[in-house]
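The following exercises are to be worked through with the sequence and the structure at hand. Each task is followed by a solution in steps.

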Amino acid sequence: MKNRVQRFLVTTFNDEEIIVSARANGAINFYNSKTYESINSISDNLETSTKDEFVSLISSFGNIYAASEQGKITIIDSSSISSEKVNYITTSVKAPLSTFISHPTQEGVFAYGGKENDVKIIRLYKEGTSIFDNDEVKPEQLFQGKNVKNDKLDLRVPIWITNILFIKLEDHTEKTWKFITTTGHGQVRKYDTSHGRKPILDKKLSDKPLVRVATTPKEDEII
């Protein structure tokens with residue numbers, strides 16, 4: 001189905017719960033969570049000239065972000081959802097993407113990665129400013145991961161970032177971060193950017209892709 005839902009988000013704006021869906025035809029739809037009635041929509045948010053799809057749909061500091069596999073980022077002003085015309089802007093990052101996340105406490109900071117596209121941390125706008133103040137958004141790269149050393153056969157280890165999770169937020173600064181990645185080759189990796197670009201821990205847990213990672217109440221424990 002051309003209009004099937006690829007990503008789904010339930011979030012709250014101005015004390016009102018909103019349902020957001022990102023569809024295969026490039027449309028992003030907004031619904032009232034109580035009545036399920038359509039509030040608004042925007043379209044053409046995928047690179048239709050290529051086989052593109054949404055890989056992430058998130059809410060962060062009052063904006064909604066929809067990221068596509070081909071690296072197109074649609075940024076939506078949540079305060080305009082009920083207006084006659086939804087206010088949004090687009091930018092792009094290096095493709096392909098398998099995941100795109102926001103930093104929980106550092107406004108404007110995001111991380112992404114994908115197949116043969118190692119993990120990167122970027123800034124889309126400076127804290128305290130509006131991303132919609134300018135007609136063009138130019139992502140500023142803050143960090144780029146470096147691949148692990150070759151395997152026992154001296155072969156290059158393939159890259160496939162499937163998910164990213166910031167951890168130990170109290171240790172983060174404007175230039176250093178700690179985070180976990182999972183990969184499509186079954187690896188879990190831990191990074192501390194104050195120690196360089198390579199992961200400080202690399203474990204293969206599965207022969208199948210790992211697609212989600214979450215913390216538990218116990219420090220240094222993940223699912």
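**Exercise 1. Aromatic pairs**

Determine how many aromatic pairs a search of the whole structure finds, and examine the pair of Phe143 and Phe179.

Solution. The search of the whole structure yields 5 aromatic pairs. Rings of Phe, Tyr and Trp (its six-membered ring) pair if their centres lie within 6.5 Å; planes under 30 degrees apart count as stacked, over 60 as edge-to-face and the rest as tilted. The ring centres of Phe143 and Phe179 are 6.0 Å apart and the planes stand at 75°, so this pair is edge-to-face. It links distant parts of the chain, since Phe143 belongs to strand β12 (residues 140-144) and Phe179 to strand β14, 36 residues apart. Helices (H or I, at least four residues) and strands (E, at least two) are DSSP runs, numbered from the N terminus.

The model is predicted: local features need pLDDT of at least 70, side-chain atom pairs count only at pLDDT 80 or more, and totals for chains, interfaces and linings use all residues. Residues are numbered from 1 along each chain as its sequence is written, and side-chain values use heavy atoms, with hydrogens and water left out.

**Exercise 2. Burial and a second pair**

Decide whether Phe143 is buried or exposed, and classify the pair of Phe179 and Tyr191.

Solution. Buried means under 20% relative accessible area, exposed over 50%, and partly exposed in between (1.4 Å probe, protein chains only). Phe143 has a relative accessible area of 7%, so this residue is buried. Phe179, at 1% relative accessibility, is buried as well. Phe179 and Tyr191 form a stacked pair, with 4.7 Å from centre to centre and 15° between the planes. Here Phe179 in strand β14 is joined to Tyr191 in strand β15, 12 residues apart. Tyr191 also counts as buried, at 1% relative accessibility. Ring pairs link Phe143, Phe166, Phe179 and Tyr191 into a cluster.

**Exercise 3. The sheet containing β14 and β15**

State the strand order of the sheet that contains β14 and β15, and identify its edge strands.

Solution. This open sheet of 4 strands has the order β13-β14-β15-β16, with antiparallel pairing. Because β13 (161-166) and β16 (201-204) each have a single partner strand, they stand at the edges, and one side of each is left without a neighbour in the sheet. Two strands pair if DSSP finds at least two bridges between them. Strands β14 (residues 178-183) and β15 (residues 187-192) run antiparallel and are joined by 5 bridges. In this pairing, Lys178 of β14 stands opposite Asp192 in β15.

**Exercise 4. The sheet containing β1**

Find the order of the sheet that begins with β1, and the residue opposite Arg7.

Solution. An open sheet of 4 strands with antiparallel pairing has the order β1-β2-β3-β4. β1 (5-13) and β4 (38-42) are its edge strands, each with a single partner, so one side of each lacks a neighbour in the sheet. β1 pairs with strand β2 (residues 16-23) in the antiparallel sense over 8 bridges. Arg7 stands opposite Ala22 in β2.

**Exercise 5. The start of the chain**

Locate Met1 and give the separation of its C-alpha atom from that of Phe179.

Solution. Met1 lies in the segment before β1. Its relative accessibility is 74%, so Met1 counts as exposed. The C-alpha atoms of Met1 and Phe179 are separated by 36 Å, and the two residues are 178 residues apart along the chain.
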